[in-house]
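Hi,

Here is the structure I promised to pass on to you. Have a look at it in your viewer first, and then read my notes below.

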Amino acid sequence: MFLISNGVSNKQGLYDPQFEHDSCGVGFVVDVKGKKSNNIVSAGLEVLERLTHRGAVGADPKTGDGAGILIQIPHEFFKKVAKESKISLPNQGEYGTGLVFLPQDELERKFCKDEFEKFIKQEGQTLLGWRSVPVDSSVIGETARETEPVIEQVFIGNCCHRGDAINRVPTVTNAPTVNDDMAFERKLYLIRRQVENAIKSSSIKQKSCFYVTNLSCRTFSYKGLLMPYQVKAFFLDLQDKDVKSCLALVHSRYSTNTFPTWDLSQPFRFLAHNGEINTLRGNVNWMKAKEGLLQSELFGDDIEKIKSIIVPGGSDSAMLDNVLEMISLSGKSLPHTLMMLIPPAWEHNDLMDQKVRDFYEYHACFMEPWDGPAAIAVTDGTRIGALLDRNGLRPARYIITKKGFVVMASEMGVLDIDPSDIEVSGRLEPGKIFFIDTEEGRIIDDNEIKNTVAGSKPYGKWLKDNLADIDGLSPNEGGIAQSRLHSGDNILSTLKAFGYTREDFKVIINSMAETGKEPIGSMGNDTPLALLSQKPQLLYNYFKQLFAQVTNPPIDPIREEIVMSLQTYIGSQKNMLSETESHCHKLKVKHPILKDEDLNKIKNINENGFKTKTISTLFKVSPDEGGIPQSRLHLTDGFTQAIDKICHDAEFAIDEGFSFIILSDRGFNKEKAALPALVAIGAVHQHLVSKFKRTQIGVILESAEPREVHHFGLLFGYGADCINPYLVYASIVDLIDKKEIKLDKDKAIFNYIDAVEHGILKILSKMGISTLNSYRGAQIFEALGIADDVIEKCFTGTTSRIGGAGFDIIAKETILRHKSAFEGELSTSLFLATGGVYQWKKDGETHLWNPQSISTLQHATRTGDYNKYKEFAGLINDQSKSPVTLRSLLKFKDAKTISIDAVESEKLIYKRLATGAMSFGSISRAAHETLAFAMNKLGGRSNTGEGGEDPSRFTPLPNGDSARSAIKQVASGRFGVTTNYLINADEIQIKIAQGAKPGEGGQLPGHKVSAIIAKTRYTTLGVTLISPPPHHDIYSIEDLAQLIYDLKNTNPQARISVKLVSEIGVGTVAAGVAKGHADMILISGGDGGTGASPISSIKHAGAYWELGISETHQTLVLNNLRGRVRLQTDGQMRTGRDIAIAALLGAEEYGFCTAALIVMGCVMLRHCHLNNCSLGVATQDELLSQRFMGRVDEVINYFGFVVRELRGIMAELGFRTMDEMIGRTEFLELNSSILPWKAKDIDFSKILYKPKMPASVATRCVIVQDHNIDKVLDRELIKLAKPALEKSQVVKEELEIKNVNRTTGAMLSGEVCKRYGESGLPTDTINFKFKGVSGQSFGAFLARGVTFELSGLANDYVGKGMSGGKIIIYPDPKVTYKAENNIMMGNTTFYGAIAGEAYIRGVAGERFCIRNSGVNAVVEGVGDHGCEYMTGGHVVILGKTGRNFGAGMSGGVAYVYDEDKTFNKMCNMEMIELEELSKEDLTVIRDMLHNHFRYTKSSVAKRIVDDFGAESKKFLKVMPKEYKRILKQMEEPKKTGEVSDG
Amino acid sequence: MGDVRGFLKHKRETMQYRPVCERVSDYAEVFNLKSDEKAREQAARCMDCGTPFCHSSCPVANIIPEWNDFVYKGVWEKAFAMLDATNNLPEITGRVCPAPCEYSCVLGINDDPVTIRENELSIIENAFKHGYIKPNPPKTRTGKKVAVIGSGPAGLSCAAQLNKLSHNVVVFERDQKIGGLMRYGIPDFKLHKSVLDRRIDIWKKEGIEFKTGVNVGVDYSYDKLLKEFDAACLTGGSRKPRDLTIPGRDLKGIHFAMEYLSQSNKKVSSEKFDEPSITAKGKKVLVIGGGDTGADCVGTANRQGASCVVQIEVLPQPPSCRDESCPWPSYPMLLKTTSSHEEGATRKWSVLTKNFVGYDGRVRKVACVEVEFSQKDANGRPMMKEVSGSEFEIEADLILLAIGFLHPEHEGLLEQLKVKFDPRGNVKTDNNYMTSVKNVFSAGDMHRGQSLVVWAISEGRAAAVGIDRFLMDY
């Protein structure tokens, strides 16, 4: 039976299948000359199998997430087997065919086939017959088998080749005739879409299993819910030697879910995708909006039949395939379609051909990028190609052989190729297309393709003639800058009416206007969620920003700004299927935050036929007028009527031919209030989308309301094209007039806009989105506390899990705010409200950490007085007066109590406790060690946080106390992550995100990097340290599995945990992580504290742990994965009750952070980011650190109290052990008596949902993950290295290596460190020489004394975390290509490496030596982002580099051989300088080149060394500015020191 | 926060007192105001804490970090406006408040707290100097009339707030001048009366009517009051002094501190009084009671030319710094050496007065005994125990009883109105400060019991809100 049709995988509780992610291995093989053979098919299957480790298995080890192969129609074979099924096939090309997944139910199956037949006829084609496809179900997993459809193959005859059929069934009159392959292909598409729609709307039960893999006269695919190796075994066809093709596209899927989905396996009809489309929701909405304008000569009226273009329920890849299919079938070439949908970063690329840039700009006018990490392989049966997105975040390597055979895949080594046969070893570069036309029999390079496409139309001229630039518009009359409110308006009351507080100015606006930066804060969030707050809240506060974690990487919007763009093209769009010059009749706006003068230009625009209409968003607020009593209902009416009116007006404006509408709240007064801007924007946008008209008009907002980055992020995210925040400008001018801001007006406003725009880029980048064009309308938010009717009308499709405020409440909040502006004459009214959100105030927002709770807790732990603690716990647990947290609204149900003596001991419970990841760097050394001592004494775990740990702490004190943190964190910066650090862990925690700023990187400013911090981080004192937003070795879920594998290999004894942050969909991410073999998953709440974060992130990113943990628990249970993994949660946990609730919601372990800091003296100054903590807790300042007064016993007191309270609750609820409590939501219920007025409709049913599963499905962790490290190559290496490990004797061995040998060297290195510690063995003690193609993470964490030599090719992550080892890579001696022109190893190499040497003969991919701390490396060319975030070490590059070299590079030195003097254009000069070489530099280079030649026989090195005098002049030195300054400073005291010594 | 590292740059510096020899010979204020520049430097020490405990422990919720920041930035006018928003009498609290804020200043945990009280004083004095403060009468009037009875800090704050809310306010005061204990209780050397006059003058110009010398309930019947006014607020203070009923109490030369201080204040202001003069000139003065009022007696006695001054307190000498019993940020009982003590006084603690000894009907000395508190009662409270053999005598011919107040005077108005009292004898009210009698409210010491000026202000303001809510029905 189909589980799907049983509803098991349907949306339930907090689980929602729409949040599933997948990522994959992708590859193709092709014979360039187009020669068909069975070899190609077998090679394809071989590639697929060798990509297995990139896929995943669920609870059932034999059921994969899906795999498949797409080939040319094997005509010869089909002819043969069709005959067996009594079908006689016409000639090749004259029939279309495809696999059809059909219901198991016979009647329903018949129904589907009948429908099929009906549409074939209707479209004038002939059903040739159905063939039952032979499969061997015994090879597939149980779960897959349960859901296995009946698979048949349909054959459809092309009627235009059968003269008699063509006019037999006249179809739609305007239907174009079927006269070529493409036309037939379109017919097949029409048939398929119509059948799909028909079955979907039918009433059959098993409709969800109906699926057509592909219906084509060119290509054919075999796929299913299979593991790669099962594809061939399952489809008996594939075992037939007559199956021939000149190309094969393969795909192995890794999904976060395990629900059986046969249809989501890939390849789809045209493409196979590795990655994730981040902008999906926006893309889908915009496609829907565009459908109203779709017209195609080729489709004619048939276009109506294929709507909706995007089939709901598909994955991101499937949807992209839908669009790509439609566009390319409508006549655009494949390259054209790809360039349109996934453009490279052209906006800031001066190196790009103008013609090509024109192409992209033209298309930007009507197509927003499908953005996200993507390696896409695509074929139409004769052409095959691959494309990488603008960030190049997925690996794609290829080999071209001398025999004209090409293999492209996510990694090398997936097919055995004789090295002597290799002509080119290459990689796909970001934004580039790799394309093979088998008809022409050649590979067409990126440049040629793009130039050909770009040259097909005069795009440049069209742009020149049609595209207007706002900067070029003349300020017309009335276009004088306003920046002041109209006279008569009282700025204070206007500010009040829009809810401005003193804090908004003090913390946000002033700071942005003065510094041009978004303000930073610390210590997390302890205020109520908007729905619970007693104060009227702006609607923005009901939304949480989403962010990328694991399944796709966030971007660094600062260091990788080259890929980002806010450029906006507004105005009415045209039919995307045609190409005319009027398509670019739009207004180009570089800065979508409009200044007043810009808005005026648009208001008064009178050029090029543009017209603007202003629509007021005001509504009447005097409900008492005319004696109508004030009631909720009445308020709502006025409010909602206003919404309907602006929607109507906007639509009407389109009909009247306006190009832009301005939604404006100017003119506001006592009687008229403004609709919340977000309601106005959301409602209008959604209304126009639903009418298919949104693309026909630009929607601009002129509003007094938005001021924070989060506000703008939401407004764009829900559809605004441009925004003019006029009140902020007016206020800034006012403050300048009052001399409170001492800046020039233009400068201050510029600063403010700059800060907002960078903030928006940050919000985009958190989701891995690069351009505002594709972010706009993408709705990357979760609503928390908004009722469904509001969502439906204004934020369609946004998830809102706890229900909440409807229009009545939103209206009431608006009116309360509005009234406050005009009421009260007290002198206090001279001021705006206090706010009290970022700082506790008596009359401000409620904070759980307030003077009373803080001092009570400190008093309790200092005196050891449990009663005092109970007083504290009461302050936190009973929030009935002013609820803050979700959990405060819950209460325990009455249960049978037991004696406290029956409850398990405190000691057992301590094991479940951890302190949070606070780096030594964010908190002082004493504070860090106090926590460690305390947790070790208790038997709990403390966490290093990001930033390493002083190795001296690994050894316990003589009295047995230990300052060693049991949890060693591995974060994106990899600071201090040495092999020795890893092996000294009980738990290694991969920090994917942190609650305070999920999706963002961090920065430890130079002034905080003290000597001791520099030492533990293996960097230089005083040099800024940047942690990138993503782990550069985790761009997708299978990458995470790889990192887990790396770490587990390094320290097999440690459990590996993964820290995620609560957000919608975190459960499905966690399912993927569980499948990636994490032992523990930590779900952090978004409220968590931090040393420093943008305040908008502290407040608005990340959901509450209650939601996160229950979603995760439910999803894992539903997937039968819960038993494999432990769950932990944290984020402002304070009391035993908090633990009890976390346990009942599904967590086995609990983390405490802020509370522990408070026990150690923190009084919530919230100054951590200023290095200025007067309590010595969160500072590195030596003087202030001395003020630290925290004590180990006080921390122990605290946890003792917490557990004592918890045990009391356990006894009350009748639980003997914590294990019994996990996931028992039936013990919780909503305490409806304490709900505040706004939250009367809050809904906890999803949070408290308990999936109904068989008893055999575990609901807590019961088994240990199988990490598959029993048979790794390292086991053999360790055996071979025995003499070295035991007696430090030199070992030399040679071995073969394959791509499936991953993480080679890590386990061996762990053994070295176990015996020899940090210092390892003498250099070159253990020597292994490998031959072949190494798998990912070759030489990862290689310890000192180990030397790896590889003759062959390497994949991604070479030398990751290398801690003193040596890696030498050169091509197989048999190769004939020039190493220096070919790719020898993949992306992200020597990431976070600490020390050692590397010599690479040949070119490396993207991100070479990223975050290198100290490795000295030689390489002969690198891709984009070379030496990014590097902090130390020396790098010599003997060839070309990609773009953005040295971005975020704060330390170390790179020497680049710049033969053709183009290097400077490739650099990101923000932090570096290019210098001439000094004498010392020459010595360094010479020595390194000498070694390079000695180890690799590099001809380049030889050539340079041989003529070093002349050649050395071609080197440029890349020197980080700050590093240079610090090095100089370090020299200076030395000099004076010498003098004084003398 | 202007200067993030201000607290590391500057040490706490308080106002300088004038030299003892100079100040004991006059009644001018003992301190010299800080310069604006000095104030700015001290304000720079404020850390603008994320959780401002100072603001939390201030009864009127002064927005301390915000105005400190304005002072640091030199935006005095805004600092004043912010201060004015929460405190009607900052020039008084800036002089005499014991500053609970400073005891809860975060900097005080491991350093010297910010000079919050003096910063407050700097702000308000700067505002007077630069004319930022000026009469600002309401533009319209509600037509509602409110009587405030008693012109101490509670009554005045209440009146000022009600006036701002556009009600017509009449303040009744039985004394000749406005100010209650601020005028008659606190000596000029701590609070010069011109400070009070300056403020009252502004209020008069803002439209508050002051009727002095009217003892409501005696000179002005309560039913007339209730007829003429829409509401009344009783702010007559807690004026019933605690007495020391031991043998010899009826001897001459034994006075309640407040009798002595108010007479002295009248003398300094050349105000007439009918009672026989009490002076310390040439006398051996004993002040019984170790609190602030006692200290005021000490300072006044020295100025009057006492031959010697002794101050005794029954409780043991408090610690000079916090101990476990009063952890930060609570308000600690600490040894306080005031300017008056510096001017000369012998202080003794743990001294119990047994009886007064005199002849010719005048007191000559006091018999005392030392006590200790080492034992605790069943509730854990320390029990007083006399130390046997420690009896001693103190010679004194003027004895001032500064041992606090019991509750408001019940006789007269309160009894006539028949308001209900709480168990401690204070006027009982509901949450809106309304007494058991409709239309009649009460605030300040009369309602709360003996307390600080800043609490009186806080109560007066809160009562004004209650009254407004009552009058305007919301």
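The charged end of Arg1494(A) sits over the ring of Tyr1495(A), and its distance from the ring centre is 4.7 Å. Please keep in mind that this is a predicted model, so treat everything here as computed. Another charge over a ring turns up with Lys812(A), which lies over the face of Trp1237(A) at 4.5 Å from the ring centre.

Rings also pair with other rings. Over all chains, the count comes to 54 aromatic pairs. Phe1328(A) and Phe1330(A) make up one of these pairs, with 6.2 Å from centre to centre and 40 degrees between the planes. Why is this pair called tilted? Planes under 30 degrees apart would count as stacked and planes over 60 as edge-to-face, so an angle of 40 degrees falls in the remaining class, tilted. Are these two Phe residues buried or exposed? Both Phe1328(A) and Phe1330(A) are buried.

Try colouring the next group in your viewer. Ring pairs join a whole set of residues into a cluster, among them Phe77(A), Phe78(A), Tyr95(A), Phe101(A) and Phe155(A). Tyr211(A), Tyr222(A) and Trp262(A) belong to that cluster too.

Now for the strands. Chain A has 46 helices and 54 strands, so I picked out one little piece for you. In chain A, three strands form an open sheet in the order 17-21-20, and the pairing is mixed. Which strands are at the edges? They are strand 17 (468–469) and strand 20 (568–570) of chain A, each of which pairs on one side only. Strand 20 of chain A runs antiparallel to strand 21 (residues 587–589) of chain A, and three bridges join the two. If you want a spot to zoom in on, Thr568(A) stands opposite Val589(A), which is in strand 21 of chain A.

Finally, step back to the whole chain. The C-alpha trace of chain A spans about 95 × 90 × 75 Å along its principal axes. How does the radius of gyration fit a compact globule? For 1542 residues, such a globule would have a value near 36 Å, and chain A has 32 Å, which agrees. Of the 1542 residues in chain A, 70% count as buried. Looking at contacts in chain A with a separation of 6 or more, 74% are between residues 24 or more positions apart. As for the outside, chain A exposes about 48200 Å², and carbon and sulfur atoms supply 50% of that area.

Have fun exploring!

Key
Residues are numbered from 1 along each chain as its sequence is written. Chains are lettered from A and ligands numbered from 1 in the order in which they are written. This is a predicted model: local features need pLDDT of at least 70, side-chain atom pairs count only at pLDDT 80 or more; totals for chains, interfaces and linings use all residues. Side-chain values use heavy atoms; hydrogens and water are left out. Rings of Phe, Tyr and Trp (its six-membered ring) pair if their centres lie within 6.5 Å; planes under 30 degrees apart count as stacked, over 60 as edge-to-face and the rest as tilted. Buried means under 20% relative accessible area, exposed over 50%, partly exposed in between (1.4 Å probe, protein chains only). A charge sits over a ring if NZ of Lys or CZ of Arg is within 6 Å of the ring centre and within 35 degrees of the ring normal. Two strands pair if DSSP finds at least two bridges between them. Helices (H or I, at least four residues) and strands (E, at least two) are DSSP runs, numbered from the N terminus. The radius of gyration is taken over C-alpha atoms; the globule rule is 2.2 Å times the number of residues to the power 0.38. Contact means heavy atoms within 4.5 Å. Accessible areas come from the Shrake-Rupley method with a 1.4 Å probe; for residues, only the protein chains shown count as cover.
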